[in-house]
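Me: I should like to understand how the terms used for a protein structure are justified. Please set each value against its definition.

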Amino acid sequence: MIIGLTGSIASGKSTVAKMLKDYGLPIVDADLVARVVVEPGTPTLQKIVEAFGEVALTEDGAMNRQKIGEMIFNDEEQRKRLNRIIHPAIRQEMLRQRDEHIAKGAQTVIMDIPLLFESKLQHFVDKILVVSVTEDTQLKRLMERNQLSEQEATARISSQLPLSVKEQGADAVINNNGTIEETAEQLQRILRNWEVIE
Ligand SMILES: CC(C)(COP(=O)(O)OP(=O)(O)OC[C@H]1O[C@@H](n2cnc3c(N)ncnc32)[C@H](O)[C@@H]1O)[C@@H](O)C(=O)NCCC(=O)NCCS
Ligand SMILES: Nc1ncnc2c1ncn2[C@@H]1O[C@H](COP(=O)(O)OP(=O)(O)OP(=O)(O)O)[C@@H](O)[C@H]1O
């Protein structure tokens, strides 16, 4: 079974992904893949520089994540432009990793994809697990984790579909407003229900 793990920025996907890893389940992590496909020397980074100019690079030739983040989270056109370049490369590498896990005999593979709904990737997966929080919790955790102002954090949250919409497309929802233990309990119940664990 392929499980799509999603949510929105700072809703707790990585926290849940870590719990899934502790169950021994293989994870394909879109955020991690998004870093690999733009490593120095890759054709994707080359295309980003052609589209955004040399400002897209740091002094040592890596992608300037802070600069790109400032550009794309405040401007939908720029975001679409980056997505058009980077998403095909991310998708290809994710499918490669998924197939590798299956070839090694994995029964279940977790695809951790923040933009599963925005990029319409529902057909990639058999079940969708949404990690959700209230808007207040999301804003507070994002500002704390990334040291962002309220305005910067709000821009990032607004660049994604609301969690309430994602919940409607989910096979199961984890409410991550409470403690880590409460989240772990909900996850265990869902995995038992889906017969991923006993
Ligand atoms: C814009 C970038 C450089 C910012 O880097 P930074 O290190 O600050 O953030 P990080 O990569 O850890 O992403 C944090 C979160 O931002 C959100 N996010 C990232 N990219 C996007 C996007 N294009 N649209 C909406 N939300 C996004 C996701 O929720 C993600 O989990 C980086 O996120 C990136 O390369 N984005 C494009 C690739 C992409 O779409 N990744 C999302 C997973 S497919
Ligand atoms: N139940 C919880 N209680 C308290 N803090 C939490 C809880 N769940 C997550 N956090 C914290 O909230 C922040 C966001 O969580 P996490 O990094 O897992 O989100 P994410 O959905 O993976 O975000 P992103 O899409 O931005 O990578 C982190 O600092 C994390 O430690």
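Me: What makes Asn176 and ligand 2 a polar contact?
Reply: The model is a predicted one. In it, a polar side-chain atom of Asn176 lies 2.9 Å from a nitrogen atom of ligand 2. The cut-off for a pair of N or O atoms is 3.5 Å, so the pair qualifies as a polar contact.

Me: How do you know that Arg145 and Ser11 are also in polar contact with ligand 2?
Reply: An N or O atom in the side chain of Arg145 is 2.6 Å from an oxygen atom of ligand 2. For Ser11, a polar backbone atom is 3.2 Å from an oxygen atom of the ligand. Both distances are within 3.5 Å, therefore both pairs count.

Me: Which residues around ligand 2 are the closest?
Reply: They are Lys13, Ser14, Thr15, Arg145 and Asn176, out of 15 residues that surround the ligand. Each of the 15 is called near because one of its heavy atoms lies within 4 Å of ligand 2.

Me: What makes Asp31, Asn83 and Gln160 polar contacts of ligand 1?
Reply: A polar side-chain atom of Asp31 is 2.7 Å from an oxygen atom of ligand 1. The side chain of Asn83 places a polar atom 2.8 Å from a nitrogen atom of the ligand. Gln160 has a side-chain N or O atom 2.8 Å from an oxygen atom of ligand 1. These distances are within 3.5 Å, so the three pairs meet the rule. Asp31, Asn83 and Gln160 are also among the closest of the 20 residues that surround ligand 1.

Me: Why is the protein described as having domain 1 and domain 2?
Reply: The description follows from a domain assignment, which gives domain 1 as 1-26 + 108-198 and domain 2 as 32-105. The centres of the two domains, taken over C-alpha atoms, are 22 Å apart.

Me: How many residues of each domain take part in the contact?
Reply: Domain 1 gives 13 residues and domain 2 gives eleven. They count because their heavy atoms come within 4.5 Å across the boundary.

Me: What area do domain 1 and domain 2 bury, and how many salt bridges cross the interface?
Reply: About 1,100 Å² is buried between the domains, 73% of it on carbon and sulfur atoms. The rule finds zero salt bridges across the interface, so no side-chain nitrogen of Lys or Arg there counts as within 4 Å of a carboxyl oxygen of Asp or Glu.

Definitions and conventions: Residues are numbered from 1 along each chain as its sequence is written. Chains are lettered from A and ligands numbered from 1 in the order in which they are written. This is a predicted model: local features need pLDDT of at least 70, side-chain atom pairs count only at pLDDT 80 or more; totals for chains, interfaces and linings use all residues. Side-chain values use heavy atoms; hydrogens and water are left out. Domain bounds come from an automatic or database domain assignment. Buried area is the accessible area (1.4 Å probe) that two parts lose on being put together, summed over both. A polar contact is a pair of N or O atoms within 3.5 Å; within protein, one must be able to donate a hydrogen and the other to accept it, and residues adjacent in sequence count only if both atoms are side-chain atoms.
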